[in-house]
Amino acid sequence: MNTRYLGIDVGGTKIAAGVTDPQGRILAKAESATLAGRPFPEVVRDMAACARRAMEMAECPEEALHAIGIGIPGIAENETGTVIFCTNLGWHDEPLRRELSQYINKPIYIDNDATVAGFAESVAGVSRGAKSSVFLTLGTGVGGGIVIDGKPWTGAHGVASELGHVTLVVDGIPCTCGKAGCLERYCSATALIRRGQEAAEKHPEGAIARAALGDPARITGKLVIDCAREGDPQALHIFHEYTRYLAIGINNVISFLDPEIVVLGGGISHAGDFLLDAVRSRIPDFLMFKTMPYPKVELAVLGNQAGIIGAAMVAKSIIQEGEAYASDQDR
């Protein structure tokens, strides 16, 4: 019987589950609404139902399922299978492995959603074949995923990939995490929206305000970037400021980890080459070793599939590591 893995991507608005083969190819997937704010057991029940639908569509009986991986927008402890905190879902110290095991009794592993997305790119996406890579997801916030020697790395306490909360500006803009000056405050879609709204208020005659029909609530990161692409001076100023901060953040990653490749994902990455070319052009300004090679910077290619693929492949990686250890012990 062919070995299969199950990946579950849990977000604030959507649950997505998919069955993959050992190479990370999605064979079938299903989705349902998260309806965050409900009691924890209800959300887990729907996760299981979504997973079961994907298994039925993939014609994957439970005995063919080797392991389950779950990506969450938070921090988990895999020794106990507990979600330490997941702010978007209102989860704190919730026994996710124990609860889901009542519905599907297979090994279950949990990791941060950006970590699993970055791992997916290293297995089946743009960083495939690289031994080391760093993934930055540029969305409402900024998430990170680190892969070293082909394995996801989250550090001794599970927080090594929280790159969005590296301090970029001392005593800078207050962050939702409780600190100030975090990279997330300058390199997220939220940052672009904030700067766009400031520009629209100061320049009501400008392209940003006009594109938003005078309503600040209509300003998005895409709107600001589109105005910059069209040459609007205020939007271009914001865009150049944004890409400068992002280049500084990437340089910090280069100086500390020196990965083979840095991958940009999330909603802002949909700006494509307009974003990529601007960031690439700024990175040399901040390099310490200017005559040495440095990591490539590329755009993610897996999109919404990354969460499912990455979660499934994290489960596969942990299972294989355990099997290899057991084999070594038997020798």
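## Salt bridges within single helices

D226 and K222 sit four residues apart in helix α7, so about one helical turn separates them. In this predicted model, their side chains meet in a salt bridge, with 2.7 Å from N to O. The two partners differ in exposure class. D226 is partly exposed, because its relative accessible area is 24% and the partly exposed class runs between the 20% and 50% cut-offs. K222 is exposed, with a relative accessible area of 58%.

Helix α5 holds another such pair. E198 forms a salt bridge with R195, and their closest N and O atoms are 2.9 Å apart. These residues are three apart in α5, so about one helical turn lies between E198 and R195. E198 is partly exposed, at 39% relative accessible area.

## Salt bridges beyond a single turn

The count of salt bridges comes to twelve. One of them joins E62 to R52, with the closest N and O atoms 2.7 Å apart. E62 lies in the loop between α1 (40–57) and β4 (65–72), while R52 belongs to helix α1, so the pair ties together parts that are ten residues apart in sequence. E62 counts as partly exposed, with 22% relative accessibility. R52 is partly exposed too, with a relative accessible area of 30%.

Salt bridges also form a network. R38, E42, R45 and D46 are linked in this way. As a general point, side chains of opposite charge can pair when their charged atoms come close.

## Helix α7 and its surroundings

Helix α7 spans residues 221–229. Its buried residues are G221, L223, V224, I225, C227 and A228. Several helices contribute to their cover. Among them are α5 (189–202), α6 (207–211), α8 and α9. After α7 comes G231, which has a positive phi, near 95 degrees.

## The sheet built on β1, β4 and β8

Strand β4 is largely enclosed by the rest of the structure, because seven of its eight residues are buried. β1 is mostly covered as well, with six of its seven residues buried. Strand β1 (residues 4–10) runs parallel to β4, and six bridges join the two. Within this pairing, G7 has G69 of β4 as its bridge partner. D9 is partnered by G71, also in β4.

β4 also pairs with strand β8 (residues 108–112). This pairing is parallel and has five bridges. Here G69 stands opposite Y109 of β8. G69 thus takes part in two pairings, with G7 and with Y109.

β1 has a further neighbor in strand β2 (residues 14–20). The two pair in the antiparallel sense over six bridges. Y5 stands opposite T20 of β2. β1 and β2 make a hairpin, with three residues between them. In general, side chains in a regular strand alternate between the two faces of the sheet.

## The five-stranded open sheet

Another group of strands forms an open sheet of five, in the order β11-β10-β9-β12-β13. Its pairing is mixed. The edges are β11 (151–152) and β13 (296–299), each of which pairs on one side only.

Strand β10 (residues 142–148) and β11 run antiparallel and are joined by two bridges. V147 has P152 of β11 as its bridge partner.

## Helices on the open sheet

Helix α9 (residues 273–282) packs on the sheet and touches β9 and β13. The direction of α9 makes about 165 degrees with that of β13.

Helix α8 (residues 233–257) lies across β9 (132–138), β10, β12 (261–265) and β13. Relative to β9, α8 runs at about 155 degrees. Both α8 and α9 are among the elements that cover the buried residues of α7.

## A nonpolar surface patch

I148, W153, F256 and L257 make a nonpolar surface patch of about 420 Å². F256 belongs to helix α8. Is F256 buried or exposed? F256 counts as exposed, because its relative accessibility is 71% and the exposed class starts over 50%. I148 brings strand β10 into the picture, since β10 covers residues 142–148.

Terms used: Residues numbered from 1 in each chain as written. Predicted model: local features only at pLDDT ≥ 70, side-chain atom pairs only at ≥ 80, totals over all residues. Heavy atoms only, no water. Pairing = 2+ DSSP bridges. Contact = heavy atoms within 4.5 Å. Axes fitted to C-alpha atoms, helices over the stretch in contact; angles between N-to-C directions. Buried < 20%, exposed > 50% of the residue type's maximum accessible area, 1.4 Å probe, protein only. Patch = residues over 30% accessible without salt bridge, like charges linked within 9 Å, V, L, I, M, F, W, Y side chains within 5 Å. Areas by Shrake-Rupley, 256 points an atom, 1.4 Å probe, with all protein chains shown as cover. Salt bridge = Lys/Arg side-chain N within 4 Å of Asp/Glu carboxyl O.
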